[in-house]
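Colleague: Before I use these labels, I would like to hear what stands behind them. Please set each value against its cut-off.

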Amino acid sequence: MSGRALLMWDEAVTGYDFGSEHPMDPVRLALTMSLVRAYGLDRAVDVVAAKPAGDSTLRLVHREDYVAAVRAASADPRRADQAYGLGTVDDPAFAGMHEVSALIAGQSVGAAEAVWRGEAAHAVNFAGGLHHAMPGGASGFCIYNDASLAIARLLELGAERVAYVDVDVHHGDGVQAAFWEDPRVLTVSLHEHPRTLFPQTGWPEETGATGPGEGGAVNVALPAGTGDAGWLRAFHAVVPELIADFRPQVLVTQHGADTHFEDPLAHLAVSLDAQRAVQEACHELAHTYAEGRWVALGGGGYAVVDVVPRSWTHLVGIAAHAPVDPESVIPSSWRDEAYARTRQPGPARMTDGRWPVGFRDWSEGYDPADRLDQAVLATRKAVFPLRGLLA
C-alpha cells in the first residue's frame, strides 16, 4: 500500500451551486482548497481528479428513473420534478446539476477505489459527504449520495466489512437507508436530536432491518447545545468499541463542519478544535482496525469562511500525516482572498482557542440524570446487545 494520501479535487466541483440565496455556498470548497495550498498541503498529498460517476455507478444506489429525472432537470431546470425532491427550496434545480453532482460522486468513488486497491492509504474528498440523497430522490442539499456510492463500490470490489462514521450535525439518513438491510455495512451517525433538527430521523431505536441487518445502524441523538466535552465523550463512548468489534476492512467517515457553534443552521456548540480531535480519532481508528484504509469526506457546513475551510484543511493535513498546528497563524494571503471573495474577515489562527480539548471518558462512569449521558445510554442499550456487546 502506498503511504501517500490522495486529495480528490477538480475545480469544476465548485459548480455545485444552488444559487446566491442558498446556504450551501460553493465558495466554501474554493476557500478550503486555497487554504490547503496556503499551508503547502497540496505538496504532501497527491492531488488527483477522478472521472464523473457514470450511470452504471450511480445505479449502485440510485434508481434509474431518479437519475433520468436529474438529467432532465439539469438540461432544463424548468422541468424539475418535485416528486423527486428536485426544484424545491432545499434542492433548487440548476443547469448542469447532473454533471457536477456526478463529478462529486466520482471523486468519492475514485477515492474508495484507490484505497481499496492499495494505491493510497487515505483519500479525502471534502466536496463529498452528501449524505441525505435517497435512492429515488434529492434531499437536504444532496442530489447524489456520494458516500453511499463509495461504499457500494467497495462492496462491488469485494469488501466484506465497511464501517461508515458520520459526525455531521444532521443524521446520515441516506447512507443508513441505502444499507439498512446489509450486514456488510455498519453505519454510525452522531447528530443533533431529531426533535430539533432536519431530517427528524436518527433515533437510537433505528438499528437496522430485522434479520441480518439488525444492529447495523447506530444513532447517537445529541441534545441541542452539546459542546466539545459532551460531543467527544459521546463519540468515544460509542464509536471505538463498535469499530473494534466490527473490524472493518475500510473506514469511510463524513466530517460535516456544521456541528460548530457558529453554524447558522443547527444548534450544537462544538469548536473547530473538537472537530480536529474527532478527525484525529478517525485516522487512528483506520490505522488500528482497517489497516489504514480511510476514505474521508466533507459534508455540511454553512459558516463558509470562518469554519469550513479550517476544519477541512485540518482533515487534509491529518490524512497527509502532516497535521497543521492549531496555533499556527493563517497566511495573510488566504485571509485577503477570503475577504475579496466574500467581504467577510477571515480567522487569524487554525484554532478556536480550545486545543487540546478535554472530556471525561465513559469508563469513568455516567450520570443517569445528565441529558448527554442519557443519549449515550439510549444508543448503547438499543444497539450494543444486538452486536453481542455489553451496554
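Colleague: How many salt bridges does the structure hold?

Modeller: The structure holds 18 salt bridges, a salt bridge being a side-chain nitrogen of Lys or Arg within 4 Å of a carboxyl oxygen of Asp or Glu. This is a predicted model, where local features need pLDDT of at least 70 and side-chain atom pairs count only at pLDDT 80 or more, while totals for chains, interfaces and linings use all residues. Residues are numbered from 1 along each chain as its sequence is written, and side-chain values use heavy atoms, with hydrogens and water left out.

Colleague: What makes Arg276 and Glu280 a salt bridge?

Modeller: Their closest N and O atoms are 3.0 Å apart, and the limit is 4 Å, so the pair qualifies. Both residues lie in helix α8, 4 residues apart, about one turn of the helix. Helices here are DSSP runs (H or I, at least four residues), numbered from the N terminus.

Colleague: Why is Arg276 called buried or exposed?

Modeller: Buried means under 20% relative accessible area, exposed over 50%, and partly exposed in between (1.4 Å probe, protein chains only). Arg276 has 5%, so it is buried. Glu280, with 31%, is therefore partly exposed.

Colleague: Where do Asp76 and Arg78 fall on that scale?

Modeller: Asp76 has a relative accessible area of 18%, so it counts as buried. Arg78, at 76%, is therefore exposed. The side chains of these two, Asp76 and Arg78, also meet in a salt bridge, at 3.0 Å from N to O.

Colleague: How do you know whether α8 has the span expected of a helix?

Modeller: The expected span is 1.5 Å times one less than the number of residues. For the 18 residues of α8 (residues 272-289) that gives 26 Å, and the end C-alpha atoms are 26 Å apart, so the two agree. Since 13 of the 18 residues are buried, α8 is largely enclosed by the rest of the structure.

Colleague: Asp91 is buried; what is the nearest side chain of opposite charge?

Modeller: That side chain is Arg28, 11 Å away, and Asp91 has no salt bridge. For charge, Lys and Arg count as positive and Asp and Glu as negative, while His and the chain ends are not counted. A polar atom of the Asp91 side chain does lie 3.1 Å from the backbone nitrogen of Cys142.

Colleague: Why is Pro199 called buried?

Modeller: Pro199 has a relative accessible area of 14%, so the label holds. Its contacts (heavy atoms within 4.5 Å) include His132 and Asp173.

Terms used
Polar contact = N/O pair within 3.5 Å; in protein donor to acceptor, adjacent residues only side chain to side chain. Helix = DSSP H or I, 4+ residues; strand = E, 2+ residues; numbered from the N terminus. Lists of a residue's contacts leave out its neighbours within four places in sequence.
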